[in-house]
Amino acid sequence: MKLTDKTGAKAVEEISIVLRKELKEWYNAQDTRSWLSQAFLTVGIFGILMPATAKGDVMAFVAILAAVVLPVALAGTVISDVFAGERERGTLETLLATPLSDRALFVGKVLSRVVYAWVGAMMVFAAGIITLWATKHRIRFSTGLFALPVLAAPLVAFPIADIGAIISIRAKSVRSAHQIISYFVLALIIGVSTLFVVPRDWQNATLHALERAPLLVLLCLLVVDYLCLWVSLRTFRRSRLILAACSTVQTKGNAVEFDRRETQRREDAKAAKKY
Amino acid sequence: MEAAIVTNGLTRTFDGLRAVDRLDLEVPQGIIFGFLGPNGAGKTTTIRLLLGLLEPTAGSAKVLGFDLSQADRIREHVGVVLEQPGLYTRLSAYDNLDFFAAAYRVPATQRKARIRDLLTHLGLWERRNDFVDTYSKGMKQKLAFARALLHRPSLIFMDEPTAGLDVPSAAALREDIVNLVRGSGTTVFLTTHNLAEAESMCDLIAVINKGKLVTVDTPDRLRTGARKPQVRIVGRGFSPQAVDALRRLPQVISVTQSKGSLHVTIRRGDKVSPVVKALTEQGAEIEEVVHTTASLEEAFLALLDETDGQDGGESRGRN
Ligand SMILES: Nc1ncnc2c1ncn2[C@@H]1O[C@H](COP(=O)(O)OP(=O)(O)OP(=O)(O)O)[C@@H](O)[C@H]1O
Ligand SMILES: [Mg+2]
């Protein structure tokens, strides 16, 4: 019993080490302008413009934006970099040479993107409610409508981040990972949008069903998340990761690498003569 | 004392290409071990195998007493400076080391002191809060070295640590490596193309070519083993008769003459004095007698030649 407690605590600690590094790296990469433009675009469009102009059950519309559309879109945009980026920047191999477990590496990295998506979605959610209140829309109160987006957003972001991370491992570059992941994001968002195309009655029925059984919805999401995690941890092996890493370096960087070494050798020889 | 690294028939193939071919190595503890080979010889692949970052196709190895199947235990006790510095350019030097210290399980209470010690020692403490992308190549490499030392590993792998550095930076890094390693009992497994570097730093050098181990020896013995001892004799009056007289001596293997000096190859273990005596008897005036040893480079190239076989020219040409 003790042993499992200890390994559990160690796992959590390792995950948090990776998570903190990821968030710090991401935070440092932003300057004020990119902060502002990101917040302006996301909150402005999804949190202000869309709720202000929405018709029908506007409260449900805002809830779905915050619970599904934004988590998927935000996690999808930042996940492509997760492994492919380390590979491109030449940090992957050193990271893999640390004693951090495969699980900690994978989960820590995926969670960092989930946290980002969650925070973004919640900012939009808050802005949406404020907009509805300011534009004198009738705000419907129900636990389902308020609690569900808060709790569901990370659980919805997780599978996308998880699948995206696996794609990012296999992709040749961040850019190609991004392209593939974009299709997933697009497919999901189109799927959700059909809700707004179907007849009003169906739409209402679905929304009410979801709203009345928040626990069931969360439970289903948890099961999906768990399955995704289980599958990806089974396929995630660091000895394969490095192979993928080598082959890209091999195909892409061989000529460049050879040139670099050749130049270096000449310089070395010159220097040696001088001394 | 158990060896730091032992490999038995370690092999790794990539689509039929044997990058590492039945490698049998034994690296004693506490030394700087040079792993020398031309491009594509299999140096990096060997390091990846020993770190558990690649799985061997055949063979086995023990690193610090741990089998390759316990690679996570190996990684705990090993520090690395790989081909790329592997530093996060969007983190400060301090944050980089802080992350790796945590990853290598340096207790939180000791992290700060350890980072401070290392950065101060390497002259980077003042710049600890700067992002690594503002660092010069030499500084990055020093920082990578500091990272490798954080958890006081008993073995450090270094894959061409001085590649791409200018002469002073490379010399400084070499000095740091030697200073920090000597006396601490740490073993260093160092791959390099730079023969002078291998010669000045390593206690033992392994030469690898096309995945195969060619030889393991001390730098001195590698050099002297490369060719027979030679002396250069400078002076006047080296008549054809004098040269003939030399050739008749039993200890002399060959004599060549150029620009007023003679190059005499003698049998290993024989003295030079009979050679000098024979020359003076023939009326030659000798000013200087110099033993010339082969450079490690000559030795290295000779070894590659011996093992290259049919398509050997190419890898030599690159060096
Ligand atoms: N992932 C891979 N896929 C296919 N071939 C590979 C892979 N990694 C290495 N190789 C091949 O294995 C051989 C040894 O490569 P390795 O990188 O170990 O050489 P090296 O001695 O480190 O060379 P260098 O001095 O250029 O760094 C090369 O022929 C290389 O092309
Ligand atoms: Mg290499």
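Here are some questions and answers on a predicted model, covering a chain contact and a magnesium site.

User: Why is the pair E55(B) and R237(A) called a salt bridge?

Analyst: The closest N and O atoms of E55(B) and R237(A) are 3.3 Å apart. The cut-off is 4 Å, between a side-chain nitrogen of Lys or Arg and a carboxyl oxygen of Asp or Glu. So the pair counts as a salt bridge. Across the interface of chain A and chain B, the rule finds four salt bridges.

User: Which element gives the largest share of the side of chain A that touches chain B?

Analyst: That is α11(A), with 13 residues. The whole contact takes 36 residues from chain A and 40 residues from chain B. On the chain A side, 14 are nonpolar, seven polar and 15 charged.

User: How much area do chain A and chain B bury between them?

Analyst: About 3600 Å², with 57% of it on carbon and sulfur atoms.

User: What makes T44(B) and E83(B) donors of the magnesium ion (ligand 2)?

Analyst: Their atoms, OG1 of T44(B) and OE of E83(B), lie 1.9 to 2.2 Å from the ion. The limit for this metal is 2.8 Å, so both qualify. T44(B) sits in helix α1 of chain B, and E83(B) in the loop between β6 and α3 of chain B. They are 39 residues apart.

User: Why is T44(B) called buried?

Analyst: Its relative accessible area is 15%. Buried means under 20%, so T44(B) is buried.

User: And why does E83(B) count as partly exposed?

Analyst: E83(B) has 36% relative accessibility. Exposed needs over 50% and buried under 20%, so E83(B) falls in between.

How values were computed:
Residues are numbered from 1 along each chain as its sequence is written. Chains are lettered from A and ligands numbered from 1 in the order in which they are written. This is a predicted model: local features need pLDDT of at least 70, side-chain atom pairs count only at pLDDT 80 or more; totals for chains, interfaces and linings use all residues. Side-chain values use heavy atoms; hydrogens and water are left out. Contact means heavy atoms within 4.5 Å. Buried area is the accessible area (1.4 Å probe) that two parts lose on being put together, summed over both. Helices (H or I, at least four residues) and strands (E, at least two) are DSSP runs, numbered from the N terminus. Ala, Val, Leu, Ile, Met, Phe, Trp, Tyr, Cys and Pro count as nonpolar, Asp, Glu, Lys and Arg as charged, and the others, Gly among them, as polar. Donors are N, O and S atoms within 2.8 Å of the metal (3.2 Å for Na, K and Ca); water is not among the atoms, so sites may look incomplete. Buried means under 20% relative accessible area, exposed over 50%, partly exposed in between (1.4 Å probe, protein chains only).
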